[in-house]
Amino acid sequence: MRFIEFSHTRRVLCSIALVALPLLCAIRPARAQTTLAATPPMGWNSWNHFAGKVNDADVRAAADALVSSGLRDAGYIYINIDDTWEGKRNAQGEIQTNEKFPDMKALSDYVHSKGLKLGIYSGPGPTTCARYIGSYEHEAQDAKTYASWGIDYLKYDLCGYREIMMQKAGGDHNPQANAMMKAAYEKMHQALLATGRPIVYSLCQYGWDDVWTWGPEVGGNLWRTTGDIDDSYQRMAEIGFSQAGLSKYASPGHWNDPDMLEVGNGGMDGDEYRTHMSLWAILAAPLLAGNDLSKMSTDTLAILKNKDVVAIDQDPLGKQGDRVSATGPYEVWTRTLARGKAIALFNRSETAASVALPFEAAGVAPGTKARDVWHDREVTLGNGYRAEVPRHGVVLLLVQ
Ligand code: GLA
């Protein structure tokens, strides 16, 4: 609105002062930019729970559940279909869906009618990780197809392109292969841009060649920093805690992605899932639930929906947090927020422990008031403050 009013005023001024002030007329007002993925994307992805079995009905059920559970209103708006939706190409070379997804446009309309956005999956190779058809030599055509379906998000997975790198560069981790990989990501970026539709671009190549240093150059809004997560504390912790040092590479529109959530899939206990969720929020990671939303327990929902944790993850400053101290298995991570700070005290050991808050390293003064997020209570961080942290658990503090 403001832009329209300013444009009008400018036009009037220009017509009056056309001769006297030619320069004024040459200056164009800056259009307000909306950054794609201004905060880390939130939503659901089919892979962690449904893997190759996902179908149209599962995706609709996930969309329904996001709405009825209140998760959509908490910020979870992307419904992302991962690998195994792909069918064959038609005579014109256009990608078709397989029998599990009878009508992608109708599915997209359904998802949009719920106030949600739809994501899809492909890769730069002739085939995808699950050996379905990839976008190799059909990038522009596929991007157009996605746009015509109303797709809002693309996860682009390297897997099948490895064989091309092996053939042409004699390996998949050498300078020539790295250049090919970047060019392949850039190619799809250009194809997406050419559609004119804003489509969040998620790079999935497991962190190869330090993708965080070049992801933005090839148009990535987020990039996987690791191999695949699984539903075990060991793997989740291995991935999550390995993110120390990457904070400087994240900013609005550009996020490190330590993979999707496993919360609610059953392989971890409540303390472990709270660690998962807290660590991802400190990391400004995408929050893509990976469970069966239609059969979610109240505990799972409470973890995914915790207002403070979501607010930490989605903080508008977009500054990723980092580790500030580690004493054996006790780690303290902090994240600077637009107004305040989040402090997480993690206990990676096999027994409950009392973990001391390192005031100086954490950048808080004794006497500071904080919110103990998971215990839902206010606390004062008095001199010598220690928190009782369960095995594999966390105490998450929000200072405002
Ligand atoms: C790779 C990705 C996973 C998932 C599968 C699908 O392993 O890293 O996240 O997309 O492919 O085949």
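Q: What makes the pair formed by a polar side-chain atom of D228 and an oxygen atom of the ligand a polar contact?
A: In this predicted model, the two atoms lie 2.5 Å apart. The cut-off for a pair of N or O atoms is 3.5 Å, so the pair counts as a polar contact.

Q: How do you know that the side chains of K155 and D157 also make polar contacts with the ligand?
A: For K155, an N or O atom of the side chain is 2.8 Å from a ligand oxygen. For D157, the corresponding distance is 3.0 Å. Both values are within 3.5 Å, so both pairs qualify.

Q: How much of the ligand's exposed area does the protein bury?
A: The ligand alone exposes 300 Å², and 93% of that is buried by the protein.

Q: Which residues around the ligand are closest, and what classes make up the shell?
A: The ligand is surrounded by 13 residues, with D82, D83, K155, D157 and D228 the closest. The shell holds 7 nonpolar and 6 charged residues, and no polar ones.

Q: Why are α7 and α9 called oblique to each other?
A: The axes of α7 (residues 139-149) and α9 (residues 175-195) cross at roughly 40° and come within 8 Å. Angles under 35 degrees would count as roughly parallel and 65 to 115 as roughly perpendicular; 40° fits neither range, so the pair is oblique. The crossing is right-handed.

Q: Why is α8 described as oblique to α9?
A: Helix α8 (residues 162-169) packs against α9 at about 135°, with the axes 9 Å apart. Roughly antiparallel requires over 145 degrees and roughly perpendicular ends at 115, so this angle is oblique. The crossing of α8 and α9 is right-handed.

How values were computed:
Residues are numbered from 1 along each chain as its sequence is written. This is a predicted model: local features need pLDDT of at least 70, side-chain atom pairs count only at pLDDT 80 or more; totals for chains, interfaces and linings use all residues. Side-chain values use heavy atoms; hydrogens and water are left out. A residue is near a molecule or strand if one of its heavy atoms lies within 4 Å of it. A polar contact is a pair of N or O atoms within 3.5 Å; within protein, one must be able to donate a hydrogen and the other to accept it, and residues adjacent in sequence count only if both atoms are side-chain atoms. Accessible areas come from the Shrake-Rupley method with a 1.4 Å probe; for residues, only the protein chains shown count as cover. Ala, Val, Leu, Ile, Met, Phe, Trp, Tyr, Cys and Pro count as nonpolar, Asp, Glu, Lys and Arg as charged, and the others, Gly among them, as polar. Axes are lines fitted to C-alpha atoms, for helices over the stretch in contact, and angles run from 0 to 180 degrees between N-to-C directions. Helices (H or I, at least four residues) and strands (E, at least two) are DSSP runs, numbered from the N terminus. A crossing is left-handed if the near helix is turned anticlockwise from the far one by less than a right angle, and right-handed if clockwise.
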